Amino acid sequence: MLRQIEGSRAVAETVALCRPEVVCAYPISPQTHIIEAVGAMVKAGELAPCEFINVESEFAAMSVAIGASATGARAYTATASQGLLFMMEAVHNAAGLGLPIVMTLANRAIGAPINIWNDHSDAMAVRDSGWIQLFAESNQEAADLHVQAFRLAEELSVPVMVCMDGFILTHAVEGVDILDQSFVDSFLPPYEPRQVLDTNDPVSIGAMVGPEAFEEVKYLAHLRQLDALERIPAIAKEFADATGRDSGGLVRPYRTEDADIIIVALGSVLGTIKDAVDIRREAGESVGVVGITSFRPFPAEAVREVLCEARQVVVVEKAFSIGFGGVLSTDVAMAMQGVETRLRTVVAGLGGRSITRRSLEELIGTAGRGELEALTFLDLDHGAVERERTRMSETRRSGPSAENLLRDRGAAVTAPVKEQA
Amino acid sequence: MTTQPVHFYQIGSFAVGNRLLSDGERTVQSNLDRANSIDSGHRACQGCGEALGARYALDAAMRATNGQIVAVNATGCLEVFSTPYPETSWRIPWLHSLFGNAPAVATGVAAALRVKGKKDVRVVAQAGDGGTVDIGFGCLSGMFERNDDVLFICYDNEGYMNTGVQRSAATPPAARTATTEAVGPEPGNTFGQGKDLPRIAMAHDIPYVATATVADLHDLERKVERAMEIHGARYLHVLVPCPLGWGSASNETIHVARLAKESGLFPVFEAEGGVVTSVSKIRRQVPVEDYLSIQRRYAHLFGKHPRPDVVARIQAMADQNIARYGLVDEQADSKEMAQ
């Protein structure tokens, strides 16, 4: 049923349709509305049988999910940003144990400086953990991906993270078609674990593995991710056949036919990029965009196939590897090995800075003229950076710069920076 | 009941040997039908107090629940020596996740069992003192506070023995560890630090808290059985000497544990609902020197440059425990002697 609904609510209601049996939650913005809504459904008895556990930290949240999943219960949690980092040890552990936990990641920047708004630094920090990471472009896709995520996780015995942009999606109210319980029940059979803690058939889970087998264990995890490259599009197709909705899959090209320039991005910014592409196409520029839905496993083959004809590939990413450059770009570059193309990285939208259609249009223009540098920071205030570098060079003392930059920003309307320093 | 003769050699103690007890009162280990929850063949050191404590505790829990136990283990000696891949010493369903999350993993197991309607299956989580008082403390406090249906057992050997004997918040003052060396004017671990986890557990008002040592295995078994009669968060703190870390002879583990109790340094008691309900009285009080001097971790207090001042401070700690828990009861002691 199509409803005007907040993204978090849509996800919570869809997660409930998946009949999770243990949900553990620790609040962190912008994930809170999701777990609040699930918690209310459990408390009201609308979602049963289900244990909703308020834990004392994200580390405990993932640990409770590990215990529940290993005991044969379908387990779900949600987090963001610092919370993901705080549970990081358990995030890796869940994947290593092959537990099909599903987690929503309401993507948010990582501090310091503390920042509650959206970027993809959190997801990138766990890209090597062994979790499947799916990025939602819209609230409809975010909701739908959760049903596919449980299916995928339990088929492959791999945990799945559904990444949705914090605030931009989690707090946006828009039309979302919430699935029927009967459909979800038919699409998602009950969780039947391969190995479970059972007093009738005791097993030891989590043994120490030394050099004699560790590499093989990790390689098997890699193979399961490669299997996911087959299963993700198959499950998305099955979903599309039943619902008529194109949710999930590996990559999603838009107007890439004969495009000279193809932009690559993850998540909700794809909507704005598509608008910019439409406008530049009307102006006669040959530009398209590819959304990557499955970041892990990385669909290198599909990416190469869709990008190989482009003269220029521009990766717009909401995260970067400090001291080097793009993260997604590195993966795209690996996928494009042997293909003649010009690869450009644009870091944009860090800490929730708006990525405007106007800036993207200018970016496409610059790229079209062949003037885009290898690494560009979109809408960076170069003046503020230079002024702070000057201030920093005047003293040998170390320390944070965030406050200086805020003062610098405010300087235009209040006192000059020099006087305050 | 199927039984086999088990000989207990009691030296310098009033503990009653198993052979003198009726069948029903005998330790679960004397029963051929015992669970062998942690079986032979593991890689624990000779004289390991933790292996002994875990075997008695889990087999008692198995007897108390008719074999319906799931165990969660923190990283540490017990985990490492019991499960070198692809071998395992565990004959019960057993899960190891991380060092600091055993209480939360146990919460998850308990939640899953509840949602699956497996009411008769109970959860025991276990960790060393590092996994309990230090890195696992946040998760443990959370599990206590929620009163999750988990028995958490801390096998306290007073340091990080698995990583090579470093100090934990359960390491006693003056003890030498690899990170509190016996050098400088204040050799060994610092006075005035450390956590008293049983009292912290009691402050959570959980239904059951108890301490025990491997010197009185009947008492340990009884406390596990009592704990399994109760639902909600329960905490059992077992002192388990570590020959390697303490520098004690491997055939002295029981003796060392007994002296810890008999000196008053390790109070043995149980509490329900935050109130102490019973204490194991000191039967034959010994000065702390008797306990300290047989462990190399305290050798710097007795060598060429003895430190009677430091020993006196440790004696004061024992005296404080004796006063706090009423560990010495002259009348009861003499009455018992008369019997």
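These legends accompany close-up views of a predicted model.

**View 1. The domains of chain A.**
Start here to get your bearings in chain A. The domain assignment places domain 1 at residues 2-243, domain 2 at 251-377 and domain 3 at 382-420. Measured out over C-alpha atoms, the centres of domain 1 and domain 2 of chain A are separated by 27 Å.

**View 2. Where domain 1 of chain A touches domain 2 of chain A.**
Now for the contact between these two domains of chain A. Domain 1 contributes 27 residues to the contact, while 21 residues come from domain 2. Which elements of domain 1 each supply at least two residues of the side that touches domain 2? In chain A they are the helices α6 (121-125) and α9 (214-243), together with the strands β6 (132-135) and β7 (160-165). The largest share belongs to α9(A), with five residues. Sorted by class, this side of domain 1 of chain A holds 15 nonpolar residues, eight polar ones and four charged ones.

**View 3. The fold of chain B.**
Over to chain B, where you can trace 12 helices and eight strands. The C-alpha trace of chain B spans about 60 × 45 × 40 Å along its principal axes. A compact globule of 339 residues would have a radius of gyration near 20 Å, so the 19 Å of chain B agrees with that expectation.

**View 4. Inside chain B.**
How much of chain B counts as buried? The share is 51% of its 339 residues. Among the contacts in chain B with a separation of 6 or more, 69% join residues 24 or more positions apart.

How values were computed
Residues numbered from 1 in each chain as written. Chains lettered and ligands numbered in written order. Predicted model: local features only at pLDDT ≥ 70, side-chain atom pairs only at ≥ 80, totals over all residues. Domains from an automatic or database assignment. Contact = placed C-beta atoms within 7 Å. Helix = DSSP H or I, 4+ residues; strand = E, 2+ residues; numbered from the N terminus. Nonpolar A, V, L, I, M, F, W, Y, C, P; charged D, E, K, R; others polar. Rg over C-alpha atoms; globule rule 2.2 N^0.38 Å. Buried ≥ 20, exposed ≤ 12 C-beta atoms within 10 Å, placed from the backbone.
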